[in-house]
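Open the model in your viewer with side chains displayed. The stops below are given in the order in which to select them.

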Amino acid sequence: MRRDLERLGAEMSAMGEATPDINARIVEEEAGLVDLRSALARNQEQIEVLSAGQRAAAQDDPQHRTAVVQGRISLFLDTMTRHAQVRVEDRREEIAIEIASLEEQLGNSAQEDLLSSHLPLVNQKIQAKAVALELEHHNDPIRLDPRALTLIADTRQGPVKMPEMGSGHNYLGNHIATMLSLHEWFNEIGSPVPRFLILDQPSQAGFPDETRGGGFGSARATLLNLYETIQASIESLAGAFQVIVLEHADLDEEPFRSAVRARWRRGNGEALVPAHWITYDSDE
């Protein structure tokens with residue numbers, strides 16, 4: 001027992017001598033641990049700064065924003081699918097009945113009845129303009145043939161189609177009378193047909209711009225009568241219809257004079273195509 005006590009005392013003495021070294025080592029390790037914790041905190045701050053920069057850059061990327069929106073939409077639809085019941089109503093029979101009704105309204109017989117009802121009213125307008133323009137066969141009933149797309153005058157000798165009615169004046173007058181009458185009718189029934197008409201030189205080549213100085217007798221009066229008829233049609237529609245005319249004749253009388261918006265002449269330097277657009281010699 002004495003030997004054991006001596007051995008134990010020697011060990012205790014050795015341990016006592018080593019205690020300062022152990023304490024110093026503990027202090028050293030604790031100091032290292034503090035340094036590691038500080039370094040870890042700095043690394044974490046750097047990671048957060050980099051992550052914030054990446055998020056900011058991603059927000060400016062259109063593809064990233066698109067992906068984010070798609071993800072949100074997908075999430076919303078998935079949620080709605082899980083939490084809401086989608087009820088599909090079978091309306092096939094109702095739609096089939098509606099289709100059949102529309103097809104019946106658009107059937108050949110219905111269209112023919114509607115056309116037969118409207119054509120006499122349009123023909124009345126054409127007849128009135130033919131009288132105002134003093135066209136050939138203006139005293140005979142005139143009708144529009146929608147199948148042949150021409151006018152027909154019903155005379156005692158039989159039907160006369162527009163190509164058989166004579167001069168260019170009749171061709172021009174019948175065309176303008178028909179177009180004006182159709183536009184008036186379209187306006188009256190609220191048709192979506194655009195409310196304008198463009199005419200290119202109704203006076204034709206036989207009526208030059210020298211008419212501004214007078215002359216040409218009956219030809220001048222005929223052209224003026226044409227523009228009076230056009231003006232009457234415009235006024236009857238109270239601003240709901242516009243006629244744009246490109247004309248080389250230049251009349252001093254009304255309603256022509258006040259309706260002129262531009263005079264394109266080589267002499268005054270004004271033209272539909274501006275001179276500075278032309279890059280080549282006009283004599284070539």
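Select glutamate 254 first: in this predicted model the residue is partly exposed, at 36% relative accessible area. Add arginine 257, which forms a salt bridge with glutamate 254, with 3.3 Å between the closest N and O atoms. Arginine 257 has a relative accessibility of 47% and so counts as partly exposed, the range for that class running from 20% to 50%.

Salt bridges with shared partners also occur: select Lys125, Lys129, Glu184 and Glu188, which they join into one network. In total the structure holds nine salt bridges.

Next, select arginine 220 and glutamate 253. Their salt bridge has its closest N and O atoms 3.1 Å apart. The pair connects distant parts of the chain, 33 residues apart: arginine 220 belongs to helix α6 (residues 217-236), and glutamate 253 to the loop between β5 and α7. Which of the two is buried? Arginine 220 is, because its relative accessibility is 11%, under the 20% cut-off. Glutamate 253, at 31%, is partly exposed.

Stay with that loop and select aspartate 250 together with arginine 263. Their side chains form a salt bridge with an N to O distance of 2.7 Å. This pair too links distant parts of the chain, here 13 residues apart, with aspartate 250 in the loop between β5 and α7 and arginine 263 in the segment after α7. Aspartate 250 has a relative accessibility of 5% and therefore counts as buried, while arginine 263, at 29%, is partly exposed.

Now move to valine 273, which is also found in the segment after α7 (256-259). Valine 273 is partly exposed, with a relative accessible area of 45%. Extend the selection to Phe196, Ile198, Ile244, Leu246, Trp264, Leu272, Trp277 and Ile278: with Val273 they make a nonpolar surface patch of about 900 Å². Strands to highlight here are β4 (196-200) and β5 (242-246), each of which supplies at least two residues of the patch.

The last stop is helix α5, residues 168-188. The helix has 21 residues and spans 30 Å from first to last C-alpha, close to the 30 Å expected at 1.5 Å a residue. Colour its buried residues, among them Asn170, Gly173, Asn174, Ala177, Leu180, Ser181, Glu184 and Trp185. Residues three or four places apart on an α-helix point the same way, because there are 3.6 residues a turn. Glu184, buried in α5, is a member of the salt-bridge network selected earlier. Finish at glycine 190, which follows α5 and has a positive phi near 70 degrees.

Methods
Residues numbered from 1 in each chain as written. Predicted model: local features only at pLDDT ≥ 70, side-chain atom pairs only at ≥ 80, totals over all residues. Heavy atoms only, no water. Helix = DSSP H or I, 4+ residues; strand = E, 2+ residues; numbered from the N terminus. Expected span 1.5 Å × (residues − 1). Buried < 20%, exposed > 50% of the residue type's maximum accessible area, 1.4 Å probe, protein only. Patch = residues over 30% accessible without salt bridge, like charges linked within 9 Å, V, L, I, M, F, W, Y side chains within 5 Å. Areas by Shrake-Rupley, 256 points an atom, 1.4 Å probe, with all protein chains shown as cover. Salt bridge = Lys/Arg side-chain N within 4 Å of Asp/Glu carboxyl O.
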